Amino acid sequence: MRKQRQGISQSAREHFNYRIQQTLLSAGVLLRFSSIAGYLSNDGEPSIDSLVQTCYEINRPFYLPVVRKKALAFAQYTLGNELSNNAFNIPEPSTQHTLCARFLSVILIPLVGFDNQGNRLGMGGGYYDRTLNFMLNPASKKKPLLIGIAYSLQKVDTIKPHAWDVPLDAVITEKGLITFSAKAKQLLRL
Ligand SMILES: Nc1ncnc2c1ncn2[C@@H]1O[C@H](COP(=O)(O)OP(=O)(O)OP(=O)(O)O)[C@@H](O)[C@H]1O
Ligand SMILES: [Mg+2]
C-alpha cells in the first residue's frame, strides 16, 4: 500500500491533493472547527500544506503532532515556526508547549489503508492508537472528530480491527468525502 502511495505521479498527486483540500474546505472543516490538527506529509501521504497556508492567513490555530514517549501530543504551528526532525525523521515543532488530543476539535490523520467501516491501518507504530485511546471510552466527553486523509487507492475491502484500533469518523480522498459515524454525518456537509 505504501509503495502504491509513493508511486502516484507528480501531476496526479498535485491534482489529487488539490481535490482533497477543496473537499476539506467545502465539507466545512474551517467553518465548523476552532482547533484543527493535521500533519506534514511524509512517505507519499497526501499534502495538506495549502490548508496550513489558509489557517495561517485567517489566523486559525493549526496543530502538528509531536512524538512524546510512545504517543503524540499536539503543538500549535504557524508558517515560519521552527521545526526539527524527530526520531522518524519527520519535522515537528520545536516548542515545549503542547496540547492533549482531547482538546482539539478535529484531527486530520494520515493512513496506509482504510475500509468502508472507518477502520484504519497506520504505519504500524500504534502512535495514533495510543494517543486516541480515550476515544474508545464511551464515558469520555471531549472527543475530536477524526478525519482520515488518503488517496482512493488506499481503500481496501476489509480491515479486521484489533481491540486498540481507534476508528475514523470520516475519510477524505480525491474522490470526495466518506462519512462513517453519525457525528461526521451531522458535522460534515458537502
Ligand atoms: N492503546 C494502546 N496501548 C498500548 N499499546 C498499544 C495501544 N494501541 C496500539 N498499541 C500497540 O501498538 C502496536 C501497533 O499498533 P497498530 O498495528 O494498530 O499500529 P497502527 O494503527 O498501524 O499505527 P498508528 O496508530 O501509529 O497509525 C500494537 O501491536 C500494540 O501493541
Ligand atoms: Mg492501529
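Trainee: In this predicted model, is Ala 37 buried or exposed, and what is its relative accessible area?

Mentor: The place of Ala 37 is in strand β1, and a residue counts as buried when its relative accessible area is under 20%. Ala 37 meets that cut-off and is therefore buried, its relative accessible area being 0%.

Trainee: Which residues does Ala 37 touch, leaving out those up to four places away in sequence, and how far in space is Ala 37 from Ile 109, C-alpha to C-alpha?

Mentor: With those sequence neighbours not counted, Ala 37 touches Phe 62, Tyr 63, Phe 74, Leu 104, Val 106, Ile 107 and Leu 108. As for Ile 109, this residue and Ala 37 are 72 residues apart in sequence, while from C-alpha to C-alpha the separation in space is 8.4 Å.

Trainee: How many bridges join β1 to β2, and which residue in β2 stands opposite Ile 36?

Mentor: Strands β1 and β2 run parallel, and the bridges that join them are two. Within β2, the residue that stands opposite Ile 36 is Phe 62.

Trainee: How many of the seven residues of β2 are buried, and how many bridges join β2 to β3?

Mentor: Strand β2, which spans residues 62-68, is mostly covered, since the buried residues among its seven are five. Strand β3, residues 71-76, runs antiparallel to β2, and the number of bridges joining the two is six.

Trainee: Which residue takes a positive phi in the hairpin of β2 and β3?

Mentor: On the β2 side, Arg 68 stands opposite Ala 71 in β3. The hairpin has two residues between its strands, and the one with a positive phi, near 55 degrees, is Lys 69.

Trainee: What word describes how α2 and α4 lie to each other?

Mentor: The axes of helix α2, residues 10-26, and α4 come within 9 Å and cross at roughly 40 degrees. Gln 21, Leu 24 and Leu 25 in α2 meet Asp 49, Ser 50 and Leu 51 in α4. Given the crossing angle, the two helices α2 and α4 are therefore oblique.

Trainee: Where is Glu 45, and how far away is the nearest side chain of opposite charge?

Mentor: Glu 45 has its place in the loop between β1 (36-37) and α4 (49-57). Leaving aside neighbours within four places in sequence, Glu 45 is in contact with Arg 5, Arg 13, Tyr 39, Leu 40, Pro 110 and Tyr 151. A salt bridge calls for a separation within 4 Å. Glu 45 is buried yet has no salt bridge, the nearest side chain of opposite charge being that of Arg 5, at 4.1 Å.

Definitions and conventions. Residues are numbered from 1 along each chain as its sequence is written. Chains are lettered from A and ligands numbered from 1 in the order in which they are written. This is a predicted model: local features need pLDDT of at least 70, side-chain atom pairs count only at pLDDT 80 or more; totals for chains, interfaces and linings use all residues. Side-chain values use heavy atoms; hydrogens and water are left out. Helices (H or I, at least four residues) and strands (E, at least two) are DSSP runs, numbered from the N terminus. Buried means under 20% relative accessible area, exposed over 50%, partly exposed in between (1.4 Å probe, protein chains only). Lys and Arg count as positive and Asp and Glu as negative; His and the chain ends are not counted. Contact means heavy atoms within 4.5 Å. Two strands pair if DSSP finds at least two bridges between them. Axes are lines fitted to C-alpha atoms, for helices over the stretch in contact, and angles run from 0 to 180 degrees between N-to-C directions. Angles under 35 degrees count as roughly parallel, over 145 as roughly antiparallel, 65 to 115 as roughly perpendicular and the rest as oblique.
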